[in-house]
Amino acid sequence: MVGSALIRRLKSEGFADLIVRDRSELDLREEFAVTKFFTEEKPTVVILAAAKVGGIKANNDFPVEFLLDNLRIQNNVIHAAYANGARKLLFLGSSCIYPKFASQPIPETALLSGLLEPTNEAYAVAKITGIKLCQAYAREYGANFISAMPTNLYGPHDNFDLETSHVVAALLRKAHEAKTRKDRELIVWGSGKPRREFLHVDDLASACLLLLEKYDSSEVINIGCGEDISIRELAQLICDVVGFDGELVWDPTKPDGVPRKLLDVTKVSALGWRPSIPLRQGIVQTYNWFLKNVARSTPA
Ligand code: GDP
């Protein structure tokens, strides 16, 4: 999702010399393959958007894969970028690197100031290690390796698998299927009380370009829209967009995760960046993408 948004954005800005591999062409977990790729291509700027990602359930169920796959990808790519002379690298982390009970909105300085949320601890530890590796390359070898922490993302090419997806994609699919089947109920995980901030992936792509141009510090920088909503409000908004008018039923056997995750975006705002896609508009656009690309091939 993030990679394809970056490519769309870079192409629309006129960047022609893009070196792109999808996972079928290059498995970033394989050190030998990554070394060979970097040695042959010698990219000057590297954006590390690839990661093993998933929603609250996948994160909680597969800590080994979330830890190992991400450590492998990061170690291979960050080291190979340095060894092959990349002049800049942007590492993408996640807002879940911050402590479970960080003050809200969460400033970048909250990193490593408290205990992590257990449901995504493995992923968070891997991402924190990636940040620290970039900072180590910057401090020890003078590399211009920067790290950005996006908030919860959604948009075209999101993962719509109900077991492994994040909440926006999951609820779009559930609401669509409930409407198609004329169900009276839609099951939503947890209590509905947690609050999350959502950013359209095209807005993240524009922030990444700005950071590549203007940000040269190894200190992490948050990327978010500066506003959060409760999962209950999100579920209502999605039902409204999809046109499902049944009841929301809460499943308390599923975890809530962190009570609130809203990033302090003072730093990125000071660079002149603002998101441009309001949540409702982004959800409408993502639903249309889902209808064209996912729902068509997987009828309810
Ligand atoms: P998180 O931000 O790391 O917790 O990741 P998610 O996007 O997976 O979940 C955000 C919140 O949405 C959590 O409180 C979930 O319990 C809640 N949620 C409600 N329904 C769903 C669902 O169908 N799928 C997912 N992934 N989350 C859901």
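**Inside the model: a cavity, a pocket and a helix pair**

About 50 Å³ of space lies in the largest cavity of this predicted model, and the structure holds one cavity of 30 Å³ or more. The walls of the largest cavity are formed by Ser95, Cys96, Tyr98, Pro99, Ile106, Glu117, Asn120, Val258, Arg260 and Lys261. Sorted by class, the residues of this lining comprise five nonpolar, two polar and three charged.

From the cavity we can turn to a pocket. The second largest pocket encloses about 200 Å³ of space, and of the 15 residues that line it, Phe198, Cys225, Glu227, Pro278 and Leu279 are the closest to its centre. Strand β7, which covers residues 198-200, gives the most to this lining, contributing three residues, while the lining of the second largest pocket as a whole divides into nine nonpolar, two polar and four charged residues.

The next stop is a pair of helices. Helix α4 (residues 63-83) and helix α5 (residues 121-141) have axes that come within 8 Å and cross at roughly 15 degrees; angles under 35 degrees count as roughly parallel, and α4 and α5 are therefore roughly parallel to each other. The crossing in which α4 passes α5 is right-handed. On the α4 side, the residues that make the contact include Phe66, Leu67, Leu71, Ile78 and Tyr82, and on the α5 side they include Tyr123, Val125, Leu133, Cys134 and Tyr137. Taken by class, the contact of α4 with α5 has 14 nonpolar, six polar and one charged residues, with Lys127 of α5 among the residues that make the contact.

How values were computed: Residues are numbered from 1 along each chain as its sequence is written. This is a predicted model: local features need pLDDT of at least 70, side-chain atom pairs count only at pLDDT 80 or more; totals for chains, interfaces and linings use all residues. Side-chain values use heavy atoms; hydrogens and water are left out. On a 1 Å grid over the protein atoms alone, a cavity is a set of points where a 1.4 Å probe fits but cannot get out, and a pocket is an open set with protein on both sides within 12 Å along at least five of seven lines; lining residues have an atom within 4 Å of a point. Grid points are joined across faces, edges and corners, and a volume is the space filled by probe spheres set on the points. Ala, Val, Leu, Ile, Met, Phe, Trp, Tyr, Cys and Pro count as nonpolar, Asp, Glu, Lys and Arg as charged, and the others, Gly among them, as polar. Helices (H or I, at least four residues) and strands (E, at least two) are DSSP runs, numbered from the N terminus. Axes are lines fitted to C-alpha atoms, for helices over the stretch in contact, and angles run from 0 to 180 degrees between N-to-C directions. Angles under 35 degrees count as roughly parallel, over 145 as roughly antiparallel, 65 to 115 as roughly perpendicular and the rest as oblique. A crossing is left-handed if the near helix is turned anticlockwise from the far one by less than a right angle, and right-handed if clockwise. Contact means heavy atoms within 4.5 Å.
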